[in-house]
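I opened this notebook to record what I looked up in the structure. The entries follow the order of my inspection.

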Amino acid sequence: LKYMLLSKNTDIQPDVISFCTCLDVWAKSKEKGKAERSNELLQKLLTLYKIGGNDRFKPTVMVYNTVLNCCAFSAYTDEEEKKKALSIAVSLFNDLKQSSITQPDAVTYGTLIKCIANLVPFGNVRNKMASDIFIKCREEGLVNGLVFDEIRRAVPGRVMAELLTETMHSGRRKKPFKDWMLRDLPRSWKANVVERKPKKKNASTKKNKNKKNNTNNKAEENKPAPTPVP
């Protein structure tokens, strides 16, 4: 990435995808201080975008989510580094909420709760932090599978029951909270979730492939039978 930034070759200029790829490498690495390093890379990207106004450097929510993931996977480090990673995660989330460039999505909330689950010890502080984020998330209609899985991992059953109690007022939910699935949650909690759809195969490519197979089959059919050897 440094080479691309310094290069004068216009064919290899970096963009937001280049930065996101490097951030993803940091997230999956075991390097010490990866949360700080990834945040520095994000700040570099923001600076390039603000100075030049070039859309190829425009940060997306995916970039922020990848940095949050770096923070979440700082779990197997010393206490000081965990605190730094948590501080970076919370600060990034607050910056994202106030950003005019992009806004948090369901993955943002889920990854932030993962940060809390991985970096904050069990107790009242952890319960309150995770609960507050979950409440904000459901108010914005952004509860997806990741969010629901991580909140259940972050807080004990009694806290989870409190978060879900209000959905029982209608008397429609009979099964225990521990057995709830995403589909059991109110629709309003999931109303603004945008799930990525798998890419569809190109129809013309598929058609050409079938045409080629048909041609090969016909060729085999028209191929003369081998002459028997006397």
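Entry 1, the core. I began with the largest nonpolar core, which has 55 residues. Phe134 and Ile151 are the members with the most contacts inside this core. I then asked which helices each supply at least two residues of this core. I noted H2, H3, helix H4 (61-72), helix H5 (79-98), helix H6 (106-119), helix H7 (124-139), helix H8 (145-154) and helix H9 (157-164). I record here that the model is predicted.

Entry 2, isoleucine 151. I looked up the contacts of isoleucine 151, leaving aside its neighbours within four places in sequence. I found Ile113, Ala130, Ser131, Phe134, Met160 and Leu163. Phe134 thus appears in this list, and I had already noted Phe134 beside Ile151 for its contacts inside the core.

Entry 3, the whole chain. I counted 11 helices and 0 strands in the protein chain. Along the sequence I read the pattern α-α-α-α-α-α-α-α-α-α-α. Of the 230 residues in the protein chain, 38% are buried. I also looked at contacts with a separation of 6 or more, and 65% of them join residues 24 or more positions apart. For the accessible surface of the protein chain I noted about 15,100 Å², with 54% of it belonging to carbon and sulfur atoms.

Entry 4, the second largest pocket. I recorded about 290 Å³ of space in the second largest pocket. Which residues line the second largest pocket? I listed Leu1, Lys2, Leu5, Cys22, Val25, Trp26, Arg37, Glu40, Leu41 and Lys44. By class, I found 6 nonpolar, no polar and 4 charged residues in this lining. Helix H1 (2-6), helix H2 (16-28) and helix H3 (34-52) each supply at least two residues of the lining. Which helix gives the most to the lining of the second largest pocket? I noted H3, with 4 residues. I also noted that H2 and H3 each supply at least two residues of the largest nonpolar core.

Entry 5, lysine 190. I turned last to lysine 190, which I located in helix H10 (residues 187-190). Not counting residues up to four places away in sequence, I found that lysine 190 touches Gly141, Val143, Leu182, Arg183 and Leu185. I then took the separation between the C-alpha atoms of lysine 190 and cysteine 137, which is 9.2 Å. Along the chain, lysine 190 and cysteine 137 are 53 residues apart.

Note on methods
Residues numbered from 1 in each chain as written. Predicted model: local features only at pLDDT ≥ 70, side-chain atom pairs only at ≥ 80, totals over all residues. Heavy atoms only, no water. Contact = heavy atoms within 4.5 Å. 1 Å grid on protein atoms, 1.4 Å probe; cavity = no way out; pocket = protein on both sides within 12 Å on 5 of 7 lines; lining within 4 Å. Points joined across faces, edges and corners; volume = space filled by probe spheres on them. Nonpolar A, V, L, I, M, F, W, Y, C, P; charged D, E, K, R; others polar. Buried < 20%, exposed > 50% of the residue type's maximum accessible area, 1.4 Å probe, protein only. Areas by Shrake-Rupley, 256 points an atom, 1.4 Å probe, with all protein chains shown as cover. Core = buried A, V, L, I, M, F, W, Y, C linked by side-chain atoms within 4.5 Å.
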